[in-house]
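Trainee: I should like to work through this structure step by step, from the overall fold to single residues. May we begin?

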Amino acid sequence: ALSHKYHEGLLKLQEKDYTKACELLEDVLKDPLISEIQVENIGSDQHLLQLRFLTLKNLASVFLRQGSKFYDNALRCYLQAVELDTNDSVVWNHLGTLSCTMGLLSISRWAFEQGLLCSPNN
């Protein structure tokens, strides 16, 4: 059911129905199966951890497409996403770019440095 709701959220994002996409993706994150998962105890919950990461990453995109008044929300999503997967250089790059745009230069530098650590040739 969560995967289906996530997929529906992606379809709404593709259709540029950002309000509905946001609602669906936030519902996925609010589900106790997703919200209570811990990186340290992943074990058999790898699929749920991946779903949480992807939901955060795509929810950040939804917020970004709605304009600068949603940048704080997007920033929170990216920060949570990099806690779940520290090896995704694309998310680090998005975090660095967004935080630079927001004038948060120390976060921006940290994000770009982390991105280079996980993908030196990127």
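**Fold and residues of the chain**

Mentor: Certainly. Read along the sequence, the chain of this predicted model follows the pattern α-α-α-α-α-α-α.

Trainee: How many helices and how many strands does the secondary structure come to?

Mentor: The pattern along the sequence holds α elements. The secondary structure accordingly comes to zero strands and seven helices.

Trainee: Which radius of gyration does the chain have, against that of a compact globule?

Mentor: The C-alpha trace spans about 40 × 35 × 25 Å along its principal axes. For 122 residues, a compact globule would have a radius of gyration near 14 Å. The chain agrees with this, because its own value is 14 Å.

Trainee: What percentage of the residues count as buried?

Mentor: A residue counts as buried when its relative accessible area is under 20%. Of the 122 residues in the chain, the share that meets this is 35%.

Trainee: What share of the accessible surface belongs to carbon and sulfur atoms?

Mentor: The accessible surface of the chain comes to about 7100 Å². Of this, the share of carbon and sulfur atoms is 51%.

Trainee: How far apart do the centres of the positive and negative side chains lie?

Mentor: The chain has 15 negative and 11 positive side chains. Taking each set as a whole, the distance between the two centres is 7 Å.

Trainee: What separates the end C-alpha atoms of helix α6?

Mentor: Helix α6 covers residues 89–101, which is 13 residues. At 1.5 Å a residue, the expected span is 18 Å. The model agrees with this, because the end C-alpha atoms are separated by 18 Å.

Trainee: Which helices are included in what covers the buried residues of α6?

Mentor: The buried residues of α6 include Val91, Trp92, Leu95 and Leu98. An α-helix has 3.6 residues a turn, so residues three or four places apart point the same way. The cover of the buried residues of α6 includes α4 (46–65), α5 (71–84) and α7 (105–118).

Trainee: Thr97 is also found in α6; is Thr97 buried or partly exposed?

Mentor: The C-alpha atoms of Thr97 and Ala111, 14 residues apart in sequence, are 8.6 Å apart in space. The relative accessible area of Thr97 is 40%, so Thr97 is partly exposed.

Trainee: Asp72 is found in helix α5; how does Asp72 count, buried or partly exposed?

Mentor: Asp72 and Lys16 are 56 residues apart along the chain, with 20 Å between their C-alpha atoms. Because the relative accessibility of Asp72 is 44%, Asp72 counts as partly exposed.

Technical notes. Residues numbered from 1 in each chain as written. Predicted model: local features only at pLDDT ≥ 70, side-chain atom pairs only at ≥ 80, totals over all residues. Heavy atoms only, no water. Helix = DSSP H or I, 4+ residues; strand = E, 2+ residues; numbered from the N terminus. Rg over C-alpha atoms; globule rule 2.2 N^0.38 Å. Buried < 20%, exposed > 50% of the residue type's maximum accessible area, 1.4 Å probe, protein only. Areas by Shrake-Rupley, 256 points an atom, 1.4 Å probe, with all protein chains shown as cover. Lys, Arg positive; Asp, Glu negative; His and termini not counted. Charge placed at Lys NZ, Arg CZ, Asp CG, Glu CD. Expected span 1.5 Å × (residues − 1). Contact = heavy atoms within 4.5 Å.
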